[in-house]
Amino acid sequence: MAAVASPKPPVSAKPPSITHPFQPRTTLLPRFALPIASNPKKRHRLHISNVLSDSKPTTAASTTTRPPLPAEPFVSRYAPDQPRKGSDVLVEALEREGVTDVFAYPGGASMEIHQALTRSQIIRNVLPRHEQGGVFAAEGYARASGLPGVCIATSGPGATNLVSGLADALLDSIPIVAITGQVPRRMIGTDAFQETPIVEVTRSITKHNYLVLDVEDIPRVVREAFYLASSGRPGPVLIDVPKDIQQQLVVPKWDEPMRLSGYLSRLPKPPNEEHLEQIIRLIAESKRPVLYTGGGCLDSSVELRRFVELTGIPVASTLMGLGAFPASDDLSLQMLGMHGTVYANYAVDKSDLLLAFGVRFDDRVTGKLEAFASRAKIVHIDIDSAEIGKNKTPHVSVCGDIKIALQGLNKILEEKGEMKNLDFSSWKKELDEQKSTHPLSFKTFGDAIPPQYAIQVLDELTGGNAIISTGVGQHQMWAAQFYKYNRPRQWLTSGGLGAMGFGLPAAIGAAVARPDSIVVDIDGDGSFMMNVQELATIRVENLPVKILLLNNQHLGMVVQWEDRFYKANRAHTYLGNPSKETEIFPNMLKFAEACDIPSARVTKIGDLRAAIQKMLDTPGPYLLDVIVPHQEHVLPMIPAGGGFMDVITDGDGRIKY
């Protein structure tokens with residue numbers, strides 16, 4: 001995965017703007033727009049007038065680009081006219097994009113790339129122990145830093161092992177560049193050893209992909225891949241490079257312009273001021289407005305906070321949007337949706353104006369679409385035109401960069417004196433009463449450790465400043481509810497795809513991207529086991545990843561649904577050893593010991609705080625196995641397809657339904 005170190009040299013295209021060193025763009029754009037650039041014949045180098053150029057950027061591009069930073073000229077280790085292998089061109093192209101870290105697992109068809117990596121003085125390879133670990137680590141890097149993550153795999157099974165990560169990055173709009181080796185060109189289509197048509201396999205789960213059939217295309221393709229991954233609505237881009245292309249000698253041309261005229265023409269224009277004025281009028285007319293913010297707002301946190309300061313409108317966040325607005329703020333309603341707070345869902349249900357910023361009206365948020373915000377006028381701002389009206393028809397829509405839209409809204413609010421009279425105090429008081437009546441809570445049973453309490457203690461001991469990654473399941477929802485995220489990019493989770501096994505490798509990527517931060521993987525025993533091999537990477541790289549393992553010996557979220565909807569009939573959701581149910585199985589401490597990682601187990605609530613403090617105080621990696629009861633349920637819960645009136649607020653697996 002890629003880390004960006006130094007600014008890249010001037011090229012024919014301006015890079016997408018990154019407003020904060022650790023905040024990637026989260027604006028989005030139509031996904032399946034570009035054809036594959038693959039022509040076995042040498043192309044004529046035509047310079048088309050509407051290619052992206054430094055001299056005259058298009059209007060559309062201006063919403064997603066910035067003037068290049070003053071850059072030191074890139075110094076190649078090769079003479080300008082010196083032939084070098086395609087693999088060396090590929091690695092230098094990564095260097096020119098600012099990449100400092102990749103997550104690459106070698107194989108026959110990618111050996112040349114790895115050999116070239118050993119010749120790089122800039123790029124460090126963090127060796128995963130499985131290609132899925134590599135792509136999830138690249139995602140963790142991108143989510144934590146805002147920069148494109150880079151992973152590399154060989155052909156065949158190496159490439160197909162990237163599929164879950166690519167799908168995850170597409171659904172959550174994460175910028176990654178995946179590079180795969182491929183069999184030599186002459187063998188493509190012959191069912192050669194370790195051949196899979198990875199371009200076809202990943203066509204619907206990448207923003208774009210390439211099969212490189214001309215070694216001279218490598219510089220342009222890599223530049224385009226990084227631009228596509230980061231601009232507009234971010235997403236994954238795959239580059240498939242046949243082995244003979246990697247081995248071919250060439251003198252690269254670094255000044256080839258990008259050929260993205262169609263893509264650039266579809267990038268959104270700056271928002272129309274009349275539309276922004278209309279939104280302001282709707283706010284002035286409303287009595288019960290609510291902000292519904294998502295992952296598209298992560299790079300607009302400053303503007304969002306200013307908008308809330310000017311209007312006093314309460315904020316409900318999606319799972320992906322946690323941290324864009326501080327959870328500790330009085331106007332925060334925390335998370336809405338299936339396992340959101342009662343007061344967030346109440347606010348949306350009772351609202352007369354719903355400001356949906358950087359969201360896609362996902363089913364886990366809306367439940368029954370007809371009942372969602374049924375009393376409200378809806379304003380939808382998103383950079384991906386495909387999301388506007390896809391699930392819920394808005395009354396006012398703006399297709400554009402939410403950051404620019406918020407800047408425009410804030411400017412109007414600051415200039416209009418009468419807008420300073422906005423008063424939603426009675427609405428806020430009503431919501432405060434809901435907060436008091438229906439707070440997030442949990443019960444304790446003797447010495448047993450409530451998993452919610454473990455996360456609450458972690459939040460207290462880290463001051464809410466840790467970067468948190470998770471797997472998928474109950475622990476994920478509790479981590480969203482009970483850890484308070486006050487800034488963007490400290491919450492890393494597989495949202496749209498819900499990929500178990502994400503937490504541990506994502507923590508690796510975050511630790512590489514943000515080496516000075518506390519990184520904690522809050523995991524469940526089911527998810528943890530899916531990529532447990534990455535403990536070896538953590539140890540070898542000496543990454544200070546802390547693992548808070550909430551171990552209930554079950555596939556917890558499925559057990560919860562069994563309890564609620566299947567009369568508690570257990571259908572293969574017990575993960576322990578049925579012949580020794582009184583023992584913890586498998587012994588997670590042995591996995592840690594095998595990888596020379598310090599570890600401990602805690603079973604009593606009275607010992608928990610000291611155990612977590614020891615985990616945080618121990619230098620380097622640490623695994624804390626926290627034994628929790630499997631009867632706990634994630635609450636509140638709105639059943640799938642239900643509405644706010646169907647919310648469940650009490651009960652657990654100790655009760656029959």
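User: At what angle does helix α16 run to β18?
Analyst: This is a predicted model, in which local features need pLDDT (the predictor's confidence in each residue, from 0 to 100) of at least 70, side-chain atom pairs count only at pLDDT 80 or more, and totals for chains, interfaces and linings use all residues. Residues are numbered from 1 along each chain as its sequence is written, while side-chain values use heavy atoms and leave out hydrogens and water. Helices (DSSP runs of H or I, at least four residues) and strands (runs of E, at least two) are numbered from the N terminus, and angles run from 0 to 180 degrees between N-to-C directions of axes fitted to C-alpha atoms, for helices over the stretch in contact. Helix α16 (residues 451-462) lies across β15 (467-470), β17 (519-524) and β18 (545-551), and its angle to β18 is about 160 degrees.

User: Which strands stand at the edges of the open sheet of 6 strands?
Analyst: Two strands pair if DSSP finds at least two bridges between them, and the sheet, with parallel pairing, has the order β16-β15-β17-β18-β20-β19. One side is left without a neighbour in the sheet where a strand has a single partner, so the edge strands are β16 (491-492) and β19 (599-602).

User: Which residue in β20 stands opposite V602?
Analyst: Strand β19 runs parallel to β20 (residues 622-627), and 4 bridges join them. Helix α23 (residues 605-617) lies across β18, β19 and β20, at about 165 degrees to β20. The residue of β20 opposite V602 is V626.

User: Is I522 buried or exposed?
Analyst: I522 has its place in strand β17. Leaving aside neighbours within four places in sequence, the contacts of I522 (heavy atoms within 4.5 Å) include I455 and L458, as well as L548 and L550. Another of these contacts is A479, 43 residues away along the chain, with a C-alpha separation of 7.2 Å. Buried means under 20% relative accessible area, exposed over 50% and partly exposed in between (1.4 Å probe, protein chains only), and because the value for I522 is 0%, this residue is buried.

User: How far apart are the axes of α3 and α5?
Analyst: V135 and F136 are among the α3 residues that meet α5, where L166 and A169 are among the partners. Helix α3 (residues 131-145) packs against helix α5 (residues 163-172) at an angle of about 25 degrees, with an axis separation of 8 Å.

User: Over which residues does pLDDT stay under 50?
Analyst: The protein chain has a mean pLDDT of 90, and 89% of its residues reach 70 or more. The stretch with pLDDT under 50, for which the model has 212 contacts beyond four places in sequence, is residues 1-68.
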